[in-house]
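Colleague: I'm new to this one. Can you walk me through it?

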Amino acid sequence: MPELPEVETTRRRLLPLLLGRRLREIRHQDPFRYRHTERAAGRRVEGVGRRGKFLLLSLSGGLEAVVHLGMTGSFRLERTPHTRAEFLLEGEVLYFHDPRRFGRILVVEAGRYEEVPLLRRLGPEPLSEAFTFPGFLQGLRSARPLKALLLDQTLVAGMGNIYADEALFRARLSPLRPARSLGEEEARRLFQAIREVLSEAVALGGSTLSDRTYRQPDGLPGRFQERHAVYGRAGLPCPACGTPIAKRVVAGRGTHLCPRCQT
DNA sequence: ATAGGCGCCTGTAAGC
DNA sequence: TGCTTACAGGCGCCTA
């Protein structure tokens, strides 16, 4: 699932392809999922940014293309059976591939996110200076289970199911723990674990799961899945203690944990 | 305020 | 073998 590391990897791969190039057209047949894309015609790409799981393309004329990959969205250099939109550049085409169609594209005036409420309430970027321990501690004053809070995007931007499970494992905290029950030392562990897991995953190009849906634009898979300690490893031994990894539903999501290490 | 459930989608895996 | 059903999940939305 594209989470922060996959979206960041996508951003880095797209940067040399898009920066300074003119976008002739964003072509598609789905004006409900891909909105106001006609505004992008003829604009030059002036920047390729990211906020949480949103990809933000700065366009000339004070516009911005907001792209969310959803669950199965990715950019490809070649057409696929699940190509849903085409970014026609001068002399090249970038294909937006999205089998399950949860992805969205929206062209807005730069910074005007009225039509993207989630983008407006997004929490701090975990790999930036904006993510501070005092702020994080403040956000933990909730009775909600840690897993729910990590997925919420308000406490911290960009975490999804994989990295929430991996971060909780590294912090040795149960996904079910009410956030406000954490002591300061535990909160510190979680804060660090979030940053470590995400930065390692970015360095390895994200995670490509067994369904192989997530790909970099050149078709290469990520490599962080080889480092997963708990995600997708139900029944396999915990790398720390050997206890079989458990899988249960927390906050409505499949959740993987070591019942012995995580308390 | 928050939890739970559904709907959106489609490919894949499991079950009969 | 071939069919049906369950499941995966990011996010919005509705209800309790």
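Modeller: Here is a short tour of the domains and the DNA contacts.
Modeller: This is a predicted model, where local features need pLDDT of at least 70, side-chain atom pairs count only at pLDDT 80 or more, and totals for chains, interfaces and linings use all residues. Residues are numbered from 1 along each chain as its sequence is written, chains are lettered from A and ligands numbered from 1 in the order written, and side-chain values use heavy atoms, without hydrogens and water.

Colleague: How is chain A divided?
Modeller: Into domain 1 (4-121) and domain 2 (133-257). The bounds come from an automatic or database domain assignment. The domain centres, taken over C-alpha atoms, are 27 Å apart.

Colleague: How many residues of domain 1 are in contact with domain 2?
Modeller: 20, and they meet 21 residues of domain 2. Contact means heavy atoms within 4.5 Å.

Colleague: How many salt bridges between domain 1 and domain 2?
Modeller: Zero. That would take a side-chain nitrogen of Lys or Arg within 4 Å of a carboxyl oxygen of Asp or Glu.

Colleague: On to the DNA. Which residues are closest to DNA strand C?
Modeller: H68, M71, R100, Y231 and K247, out of 14 that surround the strand. Near means a heavy atom within 4 Å. Sugar and phosphate make up 55% of the DNA strand C atoms that come within 4 Å of the protein.

Colleague: What does R100 reach with a polar side-chain atom?
Modeller: A base nitrogen of DNA strand C, 2.9 Å away.

Colleague: And what lies 2.7 Å from a polar side-chain atom of Y231?
Modeller: A phosphate oxygen of DNA strand C. N161 also has a side-chain N or O atom 2.9 Å from a phosphate oxygen of that strand.

Methods:
Polar contact = N/O pair within 3.5 Å; in protein donor to acceptor, adjacent residues only side chain to side chain.
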